[in-house]
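Hello,

Here is the structure I promised to send over. Please open it first, then read my notes below.

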Amino acid sequence: MDHAMHHHADAAPGATWPTAIRATLHCLLGCAVGEILGMVIGTALLWGNVPTMILAIGLAFVFGYSFTLFAVVRAGVSPKAAVKIALAADTVSIAVMELVDNAIIALTPGAMDAQLSEGLFWYALLGGFAVAFLVTTPVNKWMIGRGKGHAVVHAHH
């Protein structure tokens with residue numbers, strides 16, 4: 001996915017809701033890919049809940065960072081500088097997204113024991129992402145307004 005497509009010229013410095021929504025959707029995409037992959041791997045290997053969640057959260061951070069990292073490198077930034085930018089841009093957003101999403105999953109009765117073939121597994125996961133998006137968007141708006149988070153990425157487009 002082309003990261004630059006998410007940041008249009010109207011996303012100048014400042015904390016607009018459209019800018020925060022784009023930043024959160026970007027974060028959500030990376031988190032979703034990593035977390036779903038981790039849940040699928042852990043569940044398929046019959047791992048317990050804790051190792052599966054650790055893998056899923058770890059992969060959510062890896063994919064979340066990598067989407068930003070590759071986009072910034074494509075924009076001409078050195079890989080070393082791009083890593084710093086990705087860490088600055090995405091850490092809080094991914095952490096909030098993962099905290100909320102995993103709390104929803106953990107608090108949904110039966111979701112932690114649901115299998116990949118069960119609707120409850122997917123409803124809890126996708127519902128968790130929806131709630132996480134609603135919680136993370138204002139966090140991203142606040143950070144962008146203070147020159148943090150995805151505001152760091154805008155300087156490199």
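Leaving aside its neighbours within four places in sequence, which residues is W122 in contact with? The answer is I36, V40, L116 and G127. Before more on that, one caution: this is a predicted model.

**W122**

W122 sits in helix α4, which covers residues 119-145. Its side is neither fully hidden nor fully open: W122 is partly exposed, at 29% relative accessible area. A111 is eleven residues away from W122 in sequence. In space, their C-alpha atoms are 8.7 Å apart.

**Overall layout**

The protein has five helices and zero strands. Read from the N terminus, the order is α-α-α-α-α. There are 157 residues, and 41% of them are buried. Take the contacts between residues at least 6 apart in sequence: 71% of these join residues at least 24 apart.

**The cysteines**

How many disulfides does the model have? The count is zero. C27 shows why: the closest cysteine sulfur, in C31, is 3.9 Å from its own, too far for a bond. The cut-off used here is 2.5 Å between sulfur atoms. C31 is likewise in no disulfide, with the sulfur of C27 as its nearest cysteine sulfur. As a reminder, a disulfide is a covalent bond between the sulfur atoms of two cysteines.

Are these two cysteines buried or exposed? C27 is buried, with a relative accessible area of 2%. C31 is buried too, at 0%.

**The cores**

C31 comes up again in the packing. The largest nonpolar core has 23 residues. C31, M39 and M97 have the most contacts inside it. Four elements give two or more residues to this core: α1 (17-44), α2 (49-74), α3 (79-107) and α4. In soluble globular proteins, nonpolar side chains tend to be buried together.

M39 is worth a click. Not counting residues up to four places away in sequence, M39 touches T52, M53, A56, N102, I105, L116 and F121. L116 is also on the contact list of W122.

Another core lies apart from the largest one. This other core has six residues, among them V72, A82, I85 and A89. I85 belongs to helix α3. It is buried, with a relative accessible area of 7%. I85 and V152 are 67 residues apart along the chain, yet their C-alpha atoms are separated by 6.6 Å.

**Helix α3 and its bend**

Where does α3 bend? The bend is at D90, by about 45°. End to end, α3 still comes out close to expectation. Its 29 residues reach 39 Å from first C-alpha to last, against the 42 Å expected at 1.5 Å a residue.

D90 also has a partner. The side chains of D90 and T68 are joined by a polar contact of 2.5 Å. T68 is in helix α2. T68 counts as buried because its relative accessibility is 0%, and the limit for buried is under 20%.

**Helix α1 and the loop after it**

α1 has 28 residues, which should span 40 Å at 1.5 Å a residue. The end C-alpha atoms of α1 are 39 Å apart, so the two agree.

R22 is in α1. Is R22 buried or exposed? R22 is buried, with a relative accessible area of 14%. R22 and H150 are 128 residues apart along the chain, and their C-alpha atoms are separated by 9.5 Å.

After α1 comes L46. This residue lies in the loop between α1 and α2. What is the phi of L46? It is positive, about 60°, although L46 is not a glycine. Most residues other than glycine have a negative phi. L46 counts as exposed, at 72% relative accessibility.

**Where to look**

If time is short, start with three places. One is C27 and C31, with sulfurs 3.9 Å apart and no bond. Another is D90, where α3 bends and where the polar contact with T68 sits. The last is L46, with its positive phi.

Best wishes

Technical notes
Residues numbered from 1 in each chain as written. Predicted model: local features only at pLDDT ≥ 70, side-chain atom pairs only at ≥ 80, totals over all residues. Heavy atoms only, no water. Buried < 20%, exposed > 50% of the residue type's maximum accessible area, 1.4 Å probe, protein only. Contact = heavy atoms within 4.5 Å. Core = buried A, V, L, I, M, F, W, Y, C linked by side-chain atoms within 4.5 Å. Expected span 1.5 Å × (residues − 1). Bend = angle between axes of the 7 residues up to and from the residue. Polar contact = N/O pair within 3.5 Å; in protein donor to acceptor, adjacent residues only side chain to side chain.
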